[in-house]
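Work through the following exercises with the coordinates at hand, and solve each one step by step before reading its solution.

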Amino acid sequence: MQITWGASTSSYQIEGAWNQDGKGPSIWDAYCREEGNILHGDNGDVACDHYNRYAEDVGLMKDIGLQSYRFSISWPRVIPKGTGTINDKGLEFYDKLVDTLLAQEIDPLITLFHWDYPLALIHRGGWLNPDSPKWYADYVSVVVERLSDRVTNWITFNEPQVFINEGHLNDFHAPGLQLSLSDTLRAGHHVLLAHGLGCQAIRAHSKQVARIGWAPAGKTWAPASDQPEDIEAAHEMTFGVPNKDLFNDPWWSDPVVLGHYPEAGIQRYGNAMIDFNPEDMKTICQPLDFFAINLYFCESMAKASPTGPETIQYDGNIPRTMMDWPITPEVLYWSTKWNYERYKLPMIISENGLACMDWVQADGAVHDTQRIDFYASYLKELKRAKDEGVDITGYYAWSLMDNFEWSQGYRQRFGLIHVDMDTGKRTLKDSAKWYRNLIATQGAEL
Ligand code: FCB
């Protein structure tokens, strides 16, 4: 399969160095300090200490044979208060990281926002502030100005569904707000505007022709059978707005790619729906070069019924990961196929993987056979989509290394590389060696 093979991480989850070299506090620094928010009271203060060990980590990427590495920039590391003074030391870190990657011929794919928002901006209203899209665009300009002589691939936002829905409507992620549905929709609208202004800022400041995408979370229903009516039912659920929250796909990607909110959402949100200037949609809907998507599992199954699509939950005995997520390889087939049909953009899988019960065994290795089986079965479904004509250009395993898994702390290990969180020692898992072979043979075994 001729695609770009990579692995993903994000700044708060791996960098540590939470207050080193002038970095400002992020909302996750604050959220982790509040008792009860994170399993075992964990935090990202040190995490994988990637900030200080990046050279070793790039060496491991080279060893695995990664062709590309997706990482995110910590906004408060670059602009400690979110707006205003720039922390040159922070930019220097990303400079060195990019240079080290390029020296090893690993292409950087930069996510400009993967949830670690400057705490100072929350004190100014965060995403509810009408100026917030501009704050984001100014930050993006600073980063692009500095790195775009060497970096061409940019993702504006990671999973807006998650940080807006889980962090603003539900108190499950930072900043831990519990806004009304209407205010959450307003915050979301500002994120969409930020995406649009961010795209404009990238194009205006890039020193080379930039390639821009965004990376929503894909929420997918699988057809309960291969009957056309069940496939249609699953498609309808996937692009519907079934719940009164913002955890769905079309609310976010329809404005970004098609230039309007989905009617199903406007109906569902009813009185909570916000007023906005129709001109905003022109800003939000910018030309994109690719559509990235994070895919882990199918939500449930759907089948047709006389009253519309019916949801069928997976059985209790379906194989599950440590996160309790059902193992459903077909998510890579249906989601890429349907999103390609709907949005007509080249597709990148920007995250896919699982948490397993991994440890360094007596022989010094990590024999994570379940992870190998997971990747092999998921990638076969990706190949099926590609063989049927879906334009898939890249695949990024989540994650390069074990890291801080948000509210789950260090309990969940998603890495191809095992990290001993006490000593920082890295060990390539068997899956990393398997991935190395897969990359070297361009997925011949699939
Ligand atoms: C995604 C996030 C990523 C990681 C994986 C497991 O929702 O984008 O940071 O936590 O889940």
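**Exercise 1.** Determine which polar side-chain atoms lie close to oxygen atoms of the ligand, and how much of the ligand the protein buries.

Solution. A polar side-chain atom of Gln 13 lies 2.8 Å from an oxygen atom of the ligand, where a polar contact is a pair of N or O atoms within 3.5 Å. For Glu 159 the corresponding distance to a ligand oxygen is 2.5 Å, and for an N or O atom in the side chain of Glu 405 it is 2.7 Å. Taken alone, the ligand exposes 300 Å², of which the protein buries 94%, with areas from the Shrake-Rupley method and a 1.4 Å probe.

The model is predicted, with local features requiring pLDDT of at least 70 and side-chain atom pairs pLDDT 80 or more, while totals for chains, interfaces and linings use all residues. Residues are numbered from 1 along each chain as its sequence is written, and side-chain values use heavy atoms, without hydrogens and water.

**Exercise 2.** Classify the residues of the shell around the ligand.

Solution. The residues around the ligand (a heavy atom within 4 Å) include His 114, Trp 115, Asn 158 and Phe 414. The shell divides into five nonpolar, four polar and three charged residues, with Asp, Glu, Lys and Arg counted as charged.

**Exercise 3.** Describe the ring pair of Tyr 12 and Trp 28.

Solution. The ring centres of Tyr 12 and Trp 28 are 6.2 Å apart and the planes stand at 35°, so the pair is tilted; rings pair if their centres lie within 6.5 Å, and planes under 30 degrees apart count as stacked, over 60 as edge-to-face and the rest as tilted.

Technical notes:
A polar contact is a pair of N or O atoms within 3.5 Å; within protein, one must be able to donate a hydrogen and the other to accept it, and residues adjacent in sequence count only if both atoms are side-chain atoms. Rings of Phe, Tyr and Trp (its six-membered ring) pair if their centres lie within 6.5 Å; planes under 30 degrees apart count as stacked, over 60 as edge-to-face and the rest as tilted.
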